[in-house]
Amino acid sequence: MDGRVDERGEQAKRLRDYFEVQLLFAEAIAARTSRLLSDTCLELTNLHRRFGLGRPDGGAPSAGWARYAAGLEGCASHADRLDWTVAVFADAPPEARATRRFGCFSYELLSPDPVVRIHFSNRDSADGLGPLARAKADRRQAELREMFAHIGAHHTDARTVRGGSWLYNLEAYRRLFPPDYAASTFEPERVRLDGTSSWGQLLDFREAVKPAVRQALLDALDTLDLAAPWKAFPLRALGAEAPIESFHRFYGEIPA
Ligand SMILES: CC(C)(COP(=O)(O)OP(=O)(O)OC[C@H]1O[C@@H](n2cnc3c(N)ncnc32)[C@H](O)[C@@H]1OP(=O)(O)O)[C@@H](O)C(=O)NCCC(=O)NCCS
């Protein structure tokens, strides 16, 4: 069997519970609003991105999503919808990256300024230790040092760095960054749920769902504020922002 396909199939099995919580969340909101389930899935889960279709842009849905949506609406039960979702993920290409990866980190340039947006995904836990463990903090900072050296060399007009994630609640994450950036965290007015900035807290480093976080999210559905569904998550996605000089200084690329 093709190794990549096999690996993808294994990941689909691992992520089944993650997809299940996302479906339950979208189903509950669809039931309360009479919206189509495929629409609440598009807006309030990260399935579009997990299927390798990129960030939903609010325009006409892509052919890939239209096919998933039609299949979803045709399912008779939650169990069928979950099977369908796992199958579509298993068949989908990996998520595309606009820029190169630096270990667990990558970045995106937001126009027009341009602003550097930091992304984190777990690429270092095969040894049984999570990527944010204290013992791995030097490794993570080395990745950030390399990434900011690259950004400094290739995007000289970038002045500001911005993040938005549940991870900024964790000292284990904040300690990787310049103190002014780590101290700048704030609650954004709105939080999108079509990425990982809130959903990521459901996963542990083995890509298994954390039972307590799952339960807390599902319990919160009873009192969900439909105008602010991100508030149902136990940890709020926080924003952070600092000038790029802080990063160059902190990682030792320019003298203090
Ligand atoms: C980030 C990720 C690897 C953390 O998984 P994990 O199994 O909790 O990893 P660790 O055990 O290494 O935990 C890291 C630290 O965070 C803390 N932590 C993790 N989840 C927590 C939670 N819900 N509440 C409080 N603390 C938490 C742990 O206690 C630990 O801190 P410590 O080292 O000081 O004890 C995992 O959630 C993940 O891969 N998520 C998807 C990626 C993601 O969210 N990216 C954000 C994109 S914006």
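Modeller: A polar contact is a pair of N or O atoms within 3.5 Å. Keep that cut-off in mind. The model here is predicted.

Colleague: What makes the approach of Lys210 to the ligand a polar contact?

Modeller: A polar side-chain atom of Lys210 lies 2.7 Å from an oxygen atom of the ligand. The cut-off is 3.5 Å, so this pair counts as a polar contact.

Colleague: How do you know that Phe120 and Gly200 make polar contacts with the ligand as well?

Modeller: Take them in turn. A backbone N or O atom of Phe120 lies 3.0 Å from a nitrogen atom of the ligand. For Gly200, a backbone N or O atom lies 3.2 Å from a nitrogen atom of the ligand. Both values are within 3.5 Å, so both pairs count.

Colleague: How much of the ligand does the protein cover?

Modeller: On its own, the ligand has 950 Å² of accessible area, and the protein covers 69% of it.

Colleague: Which residues come nearest to the ligand?

Modeller: There are 19 residues around the ligand, and the nearest are Phe120, Trp166, Leu203, Phe205 and Lys210. The shell divides into ten nonpolar, seven polar and two charged residues.

Colleague: How do you know which domains the shell draws on?

Modeller: Count the residues by domain. Domain 1 (3-96 + 190-232) gives at least three, and so does domain 2 (105-188 + 238-250).

Colleague: Why is Asp124 called buried?

Modeller: Its relative accessibility is 12%. Buried means under 20%, so Asp124 qualifies. Asp124 is in the loop between strand E2 (115-120) and helix H7 (137-154). Its side chain has a polar contact of 2.9 Å with the side chain of Arg140.

Colleague: Why is Phe247 called buried?

Modeller: Phe247 has a relative accessible area of 0%, which is under 20%, so the label fits. Phe247 lies in helix H11 (residues 244-250). Its C-alpha atom is 32 Å from that of Val213, and the two residues are 34 apart along the chain.

Colleague: Is Ser34 buried or exposed, and how do you know?

Modeller: Exposed. Its relative accessible area is 71%, and exposed means over 50%. Ser34 sits in the loop between H2 and H3. Its phi is positive, about 60°, although Ser34 is not a glycine.

Colleague: Is Glu207 buried or exposed?

Modeller: Set the value against the cut-off again. Glu207 has a relative accessible area of 19%, and that is under 20%, so Glu207 counts as buried. Glu207 also has a positive phi, about 70°, without being a glycine. It is found in the loop between helix H9 (179-182) and H10.

Colleague: Where are the cis peptide bonds at Pro112 and Pro114?

Modeller: Pro112 lies in the loop between strand E1 (105-110) and E2. Pro114 is in the loop between E1 and E2 too. The cis bond from Ser111 to Pro112 has an omega of about 5°. For the cis bond from Asp113 to Pro114, omega is about -10°.

Colleague: Which residues have the most contacts inside the largest nonpolar core?

Modeller: Phe25, Trp199 and Leu202, in a core of 41 residues. Five elements give two or more residues to this core: helix H2 (16-33), helix H3 (37-44), helix H5 (63-73), helix H6 (78-91) and helix H10 (211-220). H2 gives the most, with eight residues.

Key
Residues are numbered from 1 along each chain as its sequence is written. This is a predicted model: local features need pLDDT of at least 70, side-chain atom pairs count only at pLDDT 80 or more; totals for chains, interfaces and linings use all residues. Side-chain values use heavy atoms; hydrogens and water are left out. A residue is near a molecule or strand if one of its heavy atoms lies within 4 Å of it. A polar contact is a pair of N or O atoms within 3.5 Å; within protein, one must be able to donate a hydrogen and the other to accept it, and residues adjacent in sequence count only if both atoms are side-chain atoms. Accessible areas come from the Shrake-Rupley method with a 1.4 Å probe; for residues, only the protein chains shown count as cover. Ala, Val, Leu, Ile, Met, Phe, Trp, Tyr, Cys and Pro count as nonpolar, Asp, Glu, Lys and Arg as charged, and the others, Gly among them, as polar. Domain bounds come from an automatic or database domain assignment. A nonpolar core is a set of buried Ala, Val, Leu, Ile, Met, Phe, Trp, Tyr and Cys residues joined through side-chain atoms within 4.5 Å. Buried means under 20% relative accessible area, exposed over 50%, partly exposed in between (1.4 Å probe, protein chains only). Helices (H or I, at least four residues) and strands (E, at least two) are DSSP runs, numbered from the N terminus.
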